[in-house]
Amino acid sequence: MKHHKVRVSEDVKTIAVPAIDAVNSVIHGFSTRVGGVSAEPFSAMNLGLNLGEDNDLVEINRCLFVKALGAGNPDIYTIRQTHGTRIVQIDDAKIPAVEYRQAQGDALMTNLPGIPIGVLTADCVPILLIDPVQRAVAAVHAGRQGSLLRIVTHVVRRMQDAFGTEPEHLRAAVGPGIEARCYDIGETLAADVRERFAHAEPFLQEEDGAHYLDLRGMNHADLVAAGLREAHIHHVNLCTACEAQTFYSYRRRRGGQTGRMMSLVMLKE
Ligand SMILES: [Zn+2]
């Protein structure tokens, strides 16, 4: 099966994983910067709040994204991401999404149908987890810090505890993020990573004085170690730093203002 497919719905371009589409109980998708109403430097489909543009425009974009996915509920549950490992479970559908916007965390999970959950990224690795047996989903933001702290491992464990998830049933979709050859973290940071995170060593590569870190590879290894089947881990092999027309990239902007893409998953009602 092809690893990803691109959909365009009323100018809004989204990316889906066919193997996840085949799980009939969920809707999922990864946004791009194509479509939407944002102006430079957020043009045109910024889905991240409080980044310096009018949040009303972000709300419009979020509606367009949900509409493009056919997810129905435009009230997407997002949280304030902090590069940690805190996981927020949405367990009461009566608490609206807006109440969670200031909650800190880097992963959301739920077993409630009709509740779209999303994480925001611009180079970091987004991971969607789907348990089609116990009917539960998670959205994970795995940047450098989260990956080194093994956030995805924590999320799989929490799904086991909260939903009775068997890891071998889990499907994972690893969305667009920065690839290793575009991610030179520099000598000082590489040395620090080597010293503090032994498990990251196989994913650090030194070449001509550059020190590349493979975030996708790290998360893939963690998913396998957590008990997922290789055949259930699907990668969107697109690099956010390379594809400027399609994705926001924090690194390409050298830390300047840019928008955020969203990775969304929702259990169908
Ligand atoms: Zn690249």
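Which residue is the bridge partner of Val174 in strand 12? In strand 12, Val174 finds its bridge partner in His235, and this pair is a convenient way into a structure that is a predicted model, in which local features need pLDDT of at least 70, side-chain atom pairs count only at pLDDT 80 or more, and totals for chains, interfaces and linings use all residues. Residues are numbered from 1 along each chain as its sequence is written.

The pair belongs to strand 9 (residues 171-174) and strand 12, which run parallel and are joined by 3 bridges; strands, like helices, are DSSP runs numbered from the N terminus (E, at least two residues, for strands; H or I, at least four residues, for helices), and two strands pair if DSSP finds at least two bridges between them. These two strands are part of an open sheet of 6 strands in the order 4-5-8-7-9-12, with mixed pairing. Strand 4 (87-90) and strand 12 (233-235) are the edge strands, each pairing on one side only, and the twist averages 15 degrees from one strand to the next. Helix 4 packs on this sheet, where it touches strand 4, strand 5 (107-110), strand 7 (125-131) and strand 8 (136-142), and its direction makes about 160 degrees with that of strand 8. Here axes are lines fitted to C-alpha atoms, for helices over the stretch in contact, and angles run from 0 to 180 degrees between N-to-C directions; two residues are in contact if their C-beta atoms, placed from the backbone, lie within 7 Å.

The nonpolar interior can be taken up next. The largest nonpolar core has 71 residues, of which Leu129, Val137, Ala138, Val140 and Val155 touch the most other members. Such a core is a set of buried Ala, Val, Leu, Ile, Met, Phe, Trp, Tyr and Cys residues joined through C-beta atoms within 7 Å, and a residue is buried if 20 or more other C-beta atoms lie within 10 Å of its own, exposed if 12 or fewer, and partly exposed in between, with C-beta atoms placed from the backbone. Because domain 1 (5-178 + 215-267) and domain 2 (180-213) both give residues to this core, it lies between them. Leu129, not counting residues up to four places away in sequence, touches Val137, Ala138, Val140, Val155, Met159, Leu170 and Ala172.

The two domains, whose bounds come from an automatic or database domain assignment, have C-alpha centres that lie 25 Å apart. Across their boundary, 9 residues of domain 1 are in contact with 8 residues of domain 2. On the side of domain 1 that touches domain 2, helix 3 (144-148) and helix 6 (215-225) each supply at least two residues, and the largest share, 3 residues, comes from helix 6. By class, this side of domain 1 has 7 nonpolar, 1 polar and 1 charged residues, where Ala, Val, Leu, Ile, Met, Phe, Trp, Tyr, Cys and Pro count as nonpolar, Asp, Glu, Lys and Arg as charged, and the others, Gly among them, as polar. The buried residues of helix 6 are Leu215, Arg216, Met218, Asn219, His220, Asp222 and Leu223, and just after this helix Gly227 takes a positive phi of about 110 degrees.

Two hairpins can be read side by side. Strand 1 and strand 2 run antiparallel and are joined by 5 bridges, with Arg7 standing opposite Thr14 in strand 2. Their hairpin has 2 residues between the strands, and Glu10 takes a positive phi near 45 degrees there; Glu10 counts as exposed because it has 8 C-beta neighbours inside 10 Å. Strand 10 (residues 204-207) and strand 11 (residues 210-213) pair in the antiparallel sense over 4 bridges, and the bridge partner of Leu204 in strand 11 is Leu213. In this hairpin, which has 2 residues between the strands, Asp208 takes a positive phi near 50 degrees.

Some further backbone features deserve a check in the model. Arg150 has a positive phi of about 60 degrees although it is not a glycine, and its place is in the loop between helix 3 and helix 4 (151-163); with 22 C-beta neighbours inside 10 Å, Arg150 counts as buried. The peptide bond from Glu40 to Pro41 is cis, with omega near -5 degrees, and Pro41 lies in the loop between strand 3 (26-31) and helix 2 (55-69). The peptide bond from Ser43 to Ala44 is cis as well, with omega near -5 degrees, and Ala44 lies in the loop between strand 3 and helix 2.
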